[in-house]
Every structure is written in C-alpha cells, then in structure tokens.
Amino acid sequence: MADCALIVVTKNRVELTSKCLHSFFLSDQNSEDYDIILVDNNSSEDNLKKLKSLATSIKAVKSMYILDADMPISVAFNLGMAMTRDYAYRVKMDSDMLVPGFSPGSYRSQQTTGANPGAPA
C-alpha cells in the first residue's frame with residue numbers, strides 16, 4: 001500500500017476526471033507513491049459505465065465507491081476519508097484538478113499515440 005491516498009470525487013464529469021487522473025502520469029510523481037480512490041456521486045448510467053472503464057484502465061485506481069443518491073460533496077469526501085484511514089497522507093481532490101506540469105497538448109498526444117510524453121527519452 002502506498003503512503004498517500006488521493007481521493008477524487010466526481011459526478012457526470014468523465015472527461016475532466018480522465019484528464020485529472022492522466023495528469024498524474026504526465027508528472028514526475030511515481031505512481032507507486034499514491035493510490036487513487038474514486039468516489040462517484042450518483043452519475044448517470046452512461047457516465048458511470050465510462051468512469052468504471054476509466055478506473056479499470058488506470059492501475060493506480062485502487063478503489064471506486066459508487067453513491068446511489070446525490071450527496072453533498074462534503075459527505076462524498078468524508079466517505080473517501082473514512083475509507084482511507086490507514087494511509088499516512090490523504091488528499092481530497094475535485095475531478096477538475098490537474099497536477100502541475102500537465103499540459104492539454106501532452107494529454108492529447110498521449111491519447112492519440114498511446115505514448116507517454118512525460119516519460120524520459
């Protein structure tokens with residue numbers, strides 16, 4: 001288990017959540033240093049299906065909690081905090097946050113070529 005849990009709360013924002021999660025891989029941060037915990041706050045069925053697919057494609061996503069009723073965002077974050085008690089550090093993040101060093105151009109490049117532009121040459 002990593003020392004840090006990144007708790008990402010989202011609702012019907014698959015594209016933003018994808019950019020948020022992928023920005024970690026384009027940063028200098030080693031993905032073994034953190035685990036990502038996704039909390040879905042009652043997304044539509046179509047968005048939830050896409051989010052599940054995204055979550056399974058990213059190895060740093062360790063858990064996904066799906067709320068079946070709209071909750072205030074503070075409740076969704078508190079659920080994530082409760083589920084990550086054993087981590088030394090816990091970071092609450094909204095799904096539109098990006099890691100410094102992320103650029104939309106590098107994200108698009110990775111999506112179309114499958115390459116990781118943040119990786120050493």
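The exercises below concern strand β2 and the nonpolar cores of a predicted model.

**Exercise 1.** Determine which strands pair with β2, and in what sense.

Solution. Start with β1: seven bridges join β1 to β2, and the two run parallel. Within this pairing, Leu6 has Ile36 of β2 as its bridge partner. Next take β3, residues 61-67, which pairs with β2 over six bridges, also in the parallel sense. Here Asn41 stands opposite Leu67 of β3. Finally, trace the connection: the chain leaves β2, passes through α2 and reaches β3, a β-α-β crossover that is right-handed.

**Exercise 2.** Decide whether the residues on each face of β2 are buried or exposed.

Solution. Buried here requires under 20% relative accessible area. Eight of the eight residues of β2 meet this cut-off. To assign faces, note that side chains in a regular strand alternate between the two faces of the sheet. One side of β2 carries Tyr34, Ile36, Leu38 and Asp40, and the other carries Asp35, Ile37, Val39 and Asn41. Both faces are therefore covered, with these residues all buried, that is, under 20%.

**Exercise 3.** Identify which residues of the largest nonpolar core touch the most other members, and which elements give two or more residues to this core.

Solution. The largest nonpolar core has 18 residues, of which Leu21, Phe24 and Ile36 touch the most other members. Two or more residues each come from β1 (4-10), α1 (14-25), β2 (34-41) and α2 (45-57). The largest share, four residues, is that of α1. A second core of nine residues is separate and includes Ile37, Val39, Leu67 and Phe77.

Conventions:
Residues are numbered from 1 along each chain as its sequence is written. This is a predicted model: local features need pLDDT of at least 70, side-chain atom pairs count only at pLDDT 80 or more; totals for chains, interfaces and linings use all residues. Side-chain values use heavy atoms; hydrogens and water are left out. A nonpolar core is a set of buried Ala, Val, Leu, Ile, Met, Phe, Trp, Tyr and Cys residues joined through side-chain atoms within 4.5 Å. Buried means under 20% relative accessible area, exposed over 50%, partly exposed in between (1.4 Å probe, protein chains only). Two strands pair if DSSP finds at least two bridges between them. A crossover is right-handed if, with the strands pointing away from the viewer, the path from the first strand over the helix to the second runs clockwise.
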